[in-house]
Each structure stands twice: as structure tokens, then as C-alpha cells.
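Here is a short tour of one protein model, taken piece by piece. Keep the 3D view open and follow along.

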Amino acid sequence: MATTARHAVPPVALALAHALSAAERGLAVIPLSRTKLPALPSPHRDEAGPALCHGECGRPGHGVHDATTDPARVRELFAAAPWATGYGIACGLPPHHLIGIDLDTKSGTDSSAALRELALRHLFTIPDTVVVVTPSEGRHVWLSGPADVVVPNSAGRLAPGIDVRGAGGYLVGPGSRTDHGEYRTIPGTALLPPAPCPPALLRLLLPPARPEHPAGGTTPPGAGQGLVQFVLAAHEGQRNTRLFWAACRAYENGLGETLSHALIKAALTTGLTEREARATLTSASRLVRGPR
């Protein structure tokens, strides 16, 4: 009896189909590998010194700066990355100026409950919008921002376990496959447009104004001790997340250098090693102040 051979659709073809569908909705996309990183290597990887090009050279491989809604260009990018299994959606670009609220499940905290608490405290409601479920059962909530406001990326600044993807960042698109599983939309949300970000939440997403310390000024005694106590109260599974969150708040308020010793000492008390604690403080400093 004759049989018909069934050939599985290559992962890159499925990823391309999803990416093209997103591009049709005005969402700029790039191909991603199974690790969720941009699939195309930098064309400047063999050059000496830091690469400052954001795609001006015309070659692909500049991460989120390659993102496009042009179907022909999308196909070119995926043709250059036949190992791609997913796609990223650039945030902060017109027409949607996408903002992603990433509710993590791996930090030992209930990030969904934390978002609900923020909503109650600041009097906003998350509107009906696209919600993507991650392989670890986390959630990506899609919102749109105003054209004249730049929302920065942040990790844990809103609350432990809540990351924000804004300008210069990207979200893994639904239909993408990684080493840990598939990203999928919650039923009933796939065709919704990204809903406008509530104004009260938008204010929380913007970095606070840097405090101005007069020349020769001193830090008030006891400043930042609440952040140290926050780290000391960490349970196993929360230690690094709490330290990172507290360090970010310290650097945002100009207390990073002043509190670094106390934060490291608190982290050691909870069970982190000095190397882990210092690495976490360095990551927080880079996120808030930029590379130095």
C-alpha cells in the first residue's frame, strides 16, 4: 500500500510565518534563536574595539536595530538565519510604541500579585490587551505608549519579578519556540491591539528624577536603610532578586556607592556569596547608570 511521506514544517518557516503576521499588524520584527537572542551575529564581531554601529553599515546583525515591518526585509533576515526558531518584536517603535510588562515566575515571587497590588495602590486597571504566556508560565502584557514618551527597559524596578521592555528592547513573539517551549497568546487576546498604557502606570514606568546633591553635600544618616532591610528579609529563591531590586533603587536615588557595602553585607547574611553580591550590584549599576 502506498504511503504519503509527511515532512515536518521547518521551525524557521513557522517562525517566519508568525513574524510576517506580526509585521502586517505594524509590529517590527527580527529573527531569534532558540536562546531568545537575535539569531544573526554582529557583522562587527571580529573588529577591534566596541561596535557603535546600529545598522548604519547596511548589513544585518544589529539585534533590535534590524527590526522591520517590511515583508521583503523580514524574509531577507530569516533567509540569512535558517536556524531561527522564533522572532522578537521591537518595543518603543511607531505605530504602537509597544511596552511589555514581563511577569516572571522564576524569581520566587508572585509577580502577578505584585502587579495587582500596584494597580490597587496607584488606582489603575490593566485594560484588555494582548497577553502572551511564556514556556515558564510567565506573562507578557502588551501595552502601547504615547509617541512622545520614551519608556526605558528595567528589571525589577516596579517590583521584584516584574521587568519592563521599552525602547531598545524586544519581546519574544507568540508562536516562537525556544529550548524551554513555545510562547503562545492567551485565548481571546491574539487579535486585540495593544491597549493604551494607563497614565498612572506610565508614570511608574518612567525613571524618577535624579536627586541633586549640592557640592560637598552629605547623605542624611540612615538614608536607604529600608533597602538594606528589604534585602535582609529575603528568603531562599528571592535573595538575588531582592538585592538587584534594592541596588537599582539605591543607584536611582544617588545612594549606590553609599549603600554598596551595607547591601553586600546584607546579601552575605542571607546566603549569597560576596562574588554573587558584587556581580549583582554591578549589573544594577549598569542598568541604571549605563556602562562605565
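## How far to trust it

This is a predicted model, and its average pLDDT over the chain is 86. A score of at least 70 is reached by 87% of the residues. Two stretches do worse. Residues 1–6 have a pLDDT below 50 and make 0 contacts in the model beyond near neighbours in sequence. Residues 210–217 also sit below 50, with 8 contacts beyond near neighbours in sequence. Where pLDDT is low, the predicted coordinates should not be read in detail.

## The sheet

Now look for the strands. Three of them build an open sheet in the order β1-β2-β8, and the pairing is antiparallel. The edges belong to β1 (29–32) and β8 (170–172); each has a single partner strand, so one side of each has no neighbour in the sheet. From one strand to the next, the twist averages 35 degrees.

Zoom in on β2, which covers residues 86–90. Its antiparallel pairing with β8 runs over 3 bridges. If you want one spot to find on screen, try A90, which stands opposite Y170 in β8.

## Two helices on the sheet

Helix α1 (residues 11–24) lies across β1 and β2, and runs at about 20 degrees to β2. Helix α2 (residues 71–79) packs on the sheet too, where α2 touches β1 and β2. The direction of α2 makes about 15 degrees with that of β1.

How do these two helices sit against each other? Two packed helices are described by the angle between their axes and the distance between the axes. For α1 and α2, the axes come within 10 Å and cross at roughly 155 degrees. Angles over 145 degrees count as roughly antiparallel, so that is the label for α1 and α2. The crossing is right-handed.

On the α1 side, the contact uses V12, A15, L16, A19, L20 and A23. They meet P71, V74, R75 and F78 in α2. Sorted by type, the contact residues are 9 nonpolar, no polar and 1 charged.

## Another helix pair

Further along the chain, find helix α5 (residues 225–232) and helix α6 (residues 239–252). Their axes come within 9 Å and cross at roughly 170 degrees, so α5 and α6 are roughly antiparallel as well.

Which residues of α5 and α6 make the contact? From α5 come L227, F230 and V231, while α6 brings R242, L243, W245, A246, R249 and A250. This contact of α5 with α6 counts 7 nonpolar residues, no polar ones and 2 charged.

How values were computed. Residues are numbered from 1 along each chain as its sequence is written. This is a predicted model: local features need pLDDT of at least 70, side-chain atom pairs count only at pLDDT 80 or more; totals for chains, interfaces and linings use all residues. Side-chain values use heavy atoms; hydrogens and water are left out. Two strands pair if DSSP finds at least two bridges between them. Helices (H or I, at least four residues) and strands (E, at least two) are DSSP runs, numbered from the N terminus. Axes are lines fitted to C-alpha atoms, for helices over the stretch in contact, and angles run from 0 to 180 degrees between N-to-C directions. Contact means heavy atoms within 4.5 Å. Angles under 35 degrees count as roughly parallel, over 145 as roughly antiparallel, 65 to 115 as roughly perpendicular and the rest as oblique. A crossing is left-handed if the near helix is turned anticlockwise from the far one by less than a right angle, and right-handed if clockwise. Ala, Val, Leu, Ile, Met, Phe, Trp, Tyr, Cys and Pro count as nonpolar, Asp, Glu, Lys and Arg as charged, and the others, Gly among them, as polar. pLDDT is the predictor's confidence in each residue, from 0 to 100.
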